[in-house]
Amino acid sequence: MNKSVSRREFLKTSGGVALFIGVSGILPQMISCKSKKEVQGIIQKHPLTAWVQLTDDGRVIIYNPAAELGQGSMTSLPAIFAEEMDADWSTVSVEFSPQVSAIYGSDKWSPNNKVMLTAGSRITYGYYSIMRQAGAQARYILMHSAAELWKTPLEGLSTANGRIMDNQGGRSISYGELVPHLTMPDKLPEFSEPDFKDPKNYRFIGIDQPRVDIPEKVKGTTRFAIDIKLPEMLFGVLERGKVHGASPKLNNESEILALEGVLKLVRFDYAIGIITETIEQALAAKKLLDITWSEAPSNGFNSQECFKKYGEIAADKSTGKVIVNEGDISIAIKSADKKFTVDFKNDYVYHAQMEPLNAVVQVGKDGNSAEVWVGSQQGFDSKLGIPKYLGIPEENVKINLQYLGGGFGRRSMTDFVLEGTGLAREVAPRPVKLIWTREDDVRYGAYRPLTLQRLIAATDSQGNITGFSHCVVGDGGNLVASGIQIDYYDIPNKFAEWREVSEGIRLKHWRSVGHGPNKFAIECMIDEIATYFRKDPADFRKKLLAKSPRALATLEKAIEMSDWGSETDSNRAKGIAFLERSGTLSTGVCEISVNRTTGKINVHKFWSASDAGIIIQPDNVKAQMEGGILMGISSVLKEQLTIVNGQIQQSNFDDYEILRMADIPDSIETEIIESRETPRGVGESGTPLVACAIANAFLKLTGKPLRHLPFTQERVLKVLNT
Amino acid sequence: MAGHSLTINNQTYNVEIKGETTLLWVLREHLGLTGTKYGCGIALCGSCTVHLDGKPVRSCTLPLSALKKDQKITTIEGLSQNGDHEIQKAWIEAQAPQCGYCQTGQIMQAAALLTENPNPTREEIKTYMNGNLCRCGTYLRILRAIEIAAEKIAANT
């Protein structure tokens, strides 16, 4: 349709109605339309990217292609667009874009493949150039339209804060006033670096705008998927058991079906689903299920007794999957003046996003279409895998993305969406709201993997590291291997490998992924070596980072901020750590004390300095660093998910404790190094700094190393008493 | 099933729901007051915090049968007319929420704190707010928001 709309028809229908400017390199189009639904239908059917809607009353609606889980994408991505469009921010509102990855995806995940995925702290990185290009093109269309209207050369026009100015003619027009006069240029230029706005004229990039999603979150009117209510909606719950992958045999089906409000029981390979009229009926029926569970791959697995076996795997002569191999590690170790061999360990941790998993799904009566309301981090599977699950065409599935009550990686999995679909299919066309209880969310979680890491370092007699070898033993490939690289350290011989061991436990990306355990091991190893040679850990790292100026700058900044080396209170000590995550370079310093009677570690202060490239929203970056560091403190000091004979031992916040306000540090200070490099991710940069900074402070304070995450009071006491 | 009469945000609601049903699900799924959140179901996270006669309570463990008709329930929807309670304004000033899911419970708890103790110390804030979990790690900004609100309240009285 959009191609065939002539300019005349276009103008005829555009008076007083919404108007979309679609911008893409290939098919620049404008659509005018009376209803938003109709326009969204058009957008979904045509290869066209609509990033903005202008209305003739002056409103500018910018589409955000990313999920909003608290990281601020709803503000930062539109700010990039608005900057190049030169919009008046007071007229801007933001909506989620349609969930169509061929149109709104980014190719920064895999080349030539557009994906919508909010994970790995890659949203700003993934959409920076897309939003700039689209914003600049939207501005160009507006300028072109004004030039046509005024019959004046486009070159003589300029823009400022949502207006176009004709400096020669002494006239100006607002973007809103221009809407009835919009025309499409024959050709839309592709802009490149010199064409974009001069950063010194920036009004949004690098300048804080209040987050657009906060007022509703404070009023309580934000819609999370769990808040959706549809006519005729039913409720669903699943009982999944405590052993991952075990199959259920229901012993009291007729009893359950006879309960008030129970409409249907639905069998899954690993669960029994119940569909009821009300939520309380669903929860009551779930408690009465009598299920016998089958054997599963994780039967016999004990998460606190597996490290001996993992140590044997690390000691095996064969090599696993090699990830880093620079120089010659075996020669470096053989010729070492001093060799260090240290094992580090970490237990499983659980996501604990505050909104338990849920989804509202409606399957069409004929089973050939589906509509979903869900808080999802999106993913590689088109339309969250529903078309494949139901065996229906992609265009028959509509995803209504809602705000996410936390994700941290858990919501980049689609298990809960498909479960909701499986229930809704049984009662089509009535919609079903599937809710996971907190107990379901803990027990059938998908955790950050448990690992053992064997590090071997070689040094010369002066303490210079000549070789660094890192072997991680665990399950999940990149889930345990991410962050094992140390490109930034000037060490001539480096080696890193992953050795696989599978226990049948569900695993998933957890904020900063393998960086948490790997950076813990690497940075603690560095401090153990520095301490052995009586060198200051900060000075020691300065030397290692000598050839990485951007990294070094964060180290020096953190040293300055934290007044490193100035400890006066003998009951406190500072620890330092450096790392890269999602392209962002960060140094963290913390100050701790330890209660030697209870084993409790108190983190008093935390400082971080990061180089994340161009910063879109500085205060939001700080918020992400603060949040990441607090989540890090939580996981490092408290969080431990354990498994006995395959059974998950924890079920709620009584036995899986997370950080509470009483245990927060007095302050977290964050500095951002100024940079004109490509923007990188910050959502996960703070979290992995914590384990190593705390352990290094502990080593300085007590002379003893902490080598097993988490640092529970029991473990700390044990270390203190050896 | 018995009839219950509830006073919520100064409005009377008559519901036909089993008495063992918790106030949380009544608010959310029967009355559409979804600002009150489900987080744990065992009163350990505080996302479901509402006021009962002005005191903060966890609605997830409060059965309907335990409520009396004359008890006044206030939810986030009834805390202020237009989301302009001093606490809510301070929350925006501090840019406190991230994902936002726990924040309505945090705000209800904080509002009750300032009613009881308009000028709390940092330690008093931490103690009073300790039952409200936030996974995004906004605690320092919540603390700041409460301090901002306390300053504003002190300046206005």
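## Working through a two-chain model

Pro710(A) sits in the loop that runs from strand E32 (708-709) to helix H21 (713-720) of chain A. The model is a predicted one, so keep that in mind as you work through the exercises.

**Exercise 1.** Which peptide bonds next to Pro710(A) and Pro429(A) are cis, and where does Pro429(A) lie?

*Solution.* Start with Pro710(A), whose loop you've just met. The bond leading into it from Leu709(A) is cis, with omega near -5 degrees. Now go to Ala428(A) and Pro429(A): they're joined by a cis peptide bond as well, and omega there is about 5 degrees. Pro429(A) belongs to the loop between helix H13 (415-426) and strand E22 (432-435) of chain A. As background, most peptide bonds are trans.

**Exercise 2.** Lys383(A) has a positive phi, and Asn10(B) does too; work out whether each is buried or exposed.

*Solution.* Take Lys383(A) first. Its phi is about 50 degrees, although it isn't a glycine, and you'll find it in the loop between strand E20 (378-379) and helix H12 (386-390) of chain A. Count neighbours next: 26 other C-beta atoms lie within 10 Å of Lys383(A). The cut-off for buried is 20 or more, so Lys383(A) is buried.

Then hop over to Asn10(B), in the loop between strand E1 (2-8) and strand E2 (11-17) of chain B. Its phi is about 65 degrees, and it's not a glycine either. Asn10(B) has 9 other C-beta atoms within 10 Å. Exposed means 12 or fewer, so Asn10(B) is exposed.

**Exercise 3.** Trace the strand partners of E7(A), beginning with E6(A) and moving on to E20(A).

*Solution.* Strand E6 (residues 106-110) and strand E7 (residues 113-117) of chain A are antiparallel and share two bridges. One register to check is Ser106(A), whose bridge partner in E7(A) is Val115(A). The two strands make a hairpin with two residues between them, and Asn112(A) in the turn has a positive phi of about 60 degrees.

Next comes E20(A), which also runs antiparallel to E7(A) and is joined to it by two bridges. Here Met116(A) stands opposite Gly379(A).

**Exercise 4.** What does E7(A) give to the side of domain 1 of chain A that touches domain 2 of chain A?

*Solution.* Set the bounds first: the assignment splits chain A into domain 1 (7-217), domain 2 (225-296 + 357-435) and domain 3 (307-349 + 447-720). Across the first boundary, 13 residues of domain 1 of chain A are in contact with 16 residues of domain 2 of chain A. E7(A) gives the most to the domain 1 side, with three residues. By class, that side has seven nonpolar, five polar and one charged residues.

**Exercise 5.** Which helix gives the largest share of the side of chain A that touches chain B?

*Solution.* In total, 48 residues of chain A are in contact with 42 residues of chain B. The elements giving two or more residues on the chain A side are helix H7 (214-219), helix H9 (279-288) and helix H19 (618-637). H19(A) takes the largest share, with eight residues. Sorted by class, the chain A side has 23 nonpolar, twelve polar and 13 charged residues.

**Exercise 6.** How does the radius of gyration of chain A compare with the globule rule?

*Solution.* Chain A has 21 helices and 32 strands. Its radius of gyration is 28 Å, close to the 27 Å that the rule gives for 722 residues, so chain A is as compact as a globular protein of that length. To round things off, 54% of its residues count as buried.

Key:
Residues are numbered from 1 along each chain as its sequence is written. Chains are lettered from A and ligands numbered from 1 in the order in which they are written. This is a predicted model: local features need pLDDT of at least 70, side-chain atom pairs count only at pLDDT 80 or more; totals for chains, interfaces and linings use all residues. Helices (H or I, at least four residues) and strands (E, at least two) are DSSP runs, numbered from the N terminus. Two strands pair if DSSP finds at least two bridges between them. Two residues are in contact if their C-beta atoms, placed from the backbone, lie within 7 Å. Ala, Val, Leu, Ile, Met, Phe, Trp, Tyr, Cys and Pro count as nonpolar, Asp, Glu, Lys and Arg as charged, and the others, Gly among them, as polar. Domain bounds come from an automatic or database domain assignment. The radius of gyration is taken over C-alpha atoms; the globule rule is 2.2 Å times the number of residues to the power 0.38.
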